[in-house]
Amino acid sequence: MPQNKFENAIIVGGSLGGLMMGLALSRSGYTVTILERADSSLRNGAFIRLQTKPYSNSEIERELRHLASNGNNNVEAWSAIQERLRNAVAKEPGITLQHNTRIVSVGQNESSAWATS
């Protein structure tokens with residue numbers, strides 16, 4: 001479990017970065033809610049190259065890099081990477097991914113943070 005007193009996280013945005021962050025936080029012991037404006041359809045048309053060589057010794061980082069890259073350095077469709085990450089998120093018991101959620105404000109104080117939809 002994390003050493004801080006907060007064990008819940010809200011991520012605004014369920015694209016590649018939001019999905020990766022959700023997985024990393026969940027695997028570090030947080031309960032995660034990912035709020036995504038778009039519907040659940042996969043995006044297409046873009047391609048991306050991911051470097052599989054890890055830059056740290058973190059087991060979570062290595063696992064997430066492998067998941068995102070599918071173990072190779074080839075150029076891949078954004079939608080293929082997004083689909084792998086979404087499948088991993090769906091299997092992760094500590095994550096809720098909520099589509100069609102438009103965030104109108106975010107805030108925080110000394111004891112909590114929030115997002116208003």
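# A tour of three helices and a pocket

Begin by selecting helix α1 (residues 16-27) together with helix α3 (residues 78-91), whose axes come within 10 Å and cross at roughly 25°. The model on the screen is a predicted one. Angles under 35 degrees count as roughly parallel, and α1 and α3 are therefore described as roughly parallel to each other. If you turn the view so that one helix lies over the other, the crossing in which α1 passes α3 is left-handed.

Next, show the side chains where these two helices touch: from α1, select Leu 16, Leu 19, Met 20, Leu 23 and Arg 27, which meet Trp 78, Ile 81, Gln 82, Leu 85, Arg 86, Ala 88 and Val 89 of α3. Coloured by residue class, the contact of α1 with α3 divides into 9 nonpolar residues, 1 polar and 2 charged.

Keep α3 in view and add helix α2 (residues 59-69), whose axis comes within 8 Å of that of α3, the two crossing at roughly 130°. With that angle, α2 and α3 are therefore oblique to each other. On the α2 side, select Leu 67, Ala 68 and Ser 69, and on the α3 side Ile 81, Arg 84, Leu 85 and Ala 88, since these residues make the contact. The residues of this contact of α2 with α3 comprise 5 nonpolar, 1 polar and 1 charged.

Now hide α3 and look at the remaining pair, α1 and α2, which pack at an angle of about 145° with their axes 10 Å apart. The crossing of α1 and α2 is right-handed. Here the residues to select are Met 20, Leu 23, Ala 24 and Arg 27 in α1, which meet Ile 60, Glu 63, Leu 64, Leu 67 and Ala 68 in α2. By class, the contact of α1 with α2 consists of 7 nonpolar residues, no polar ones and 2 charged.

For the last stop, leave the helices and display the largest pocket, which has a volume of about 270 Å³. Of the 14 residues that line this pocket, select Asn 8, Ile 10, Ser 112, Ala 113 and Trp 114, the closest to its centre. Then highlight the strands β1 (8-12) and β7 (113-116), each of which supplies at least two residues of the lining. The largest share of the lining, 4 residues, comes from β1. Colouring the lining of the largest pocket by residue class gives 8 nonpolar, 4 polar and 2 charged residues.

Definitions and conventions. Residues are numbered from 1 along each chain as its sequence is written. This is a predicted model: local features need pLDDT of at least 70, side-chain atom pairs count only at pLDDT 80 or more; totals for chains, interfaces and linings use all residues. Side-chain values use heavy atoms; hydrogens and water are left out. On a 1 Å grid over the protein atoms alone, a cavity is a set of points where a 1.4 Å probe fits but cannot get out, and a pocket is an open set with protein on both sides within 12 Å along at least five of seven lines; lining residues have an atom within 4 Å of a point. Grid points are joined across faces, edges and corners, and a volume is the space filled by probe spheres set on the points. Ala, Val, Leu, Ile, Met, Phe, Trp, Tyr, Cys and Pro count as nonpolar, Asp, Glu, Lys and Arg as charged, and the others, Gly among them, as polar. Axes are lines fitted to C-alpha atoms, for helices over the stretch in contact, and angles run from 0 to 180 degrees between N-to-C directions. Angles under 35 degrees count as roughly parallel, over 145 as roughly antiparallel, 65 to 115 as roughly perpendicular and the rest as oblique. A crossing is left-handed if the near helix is turned anticlockwise from the far one by less than a right angle, and right-handed if clockwise. Contact means heavy atoms within 4.5 Å.
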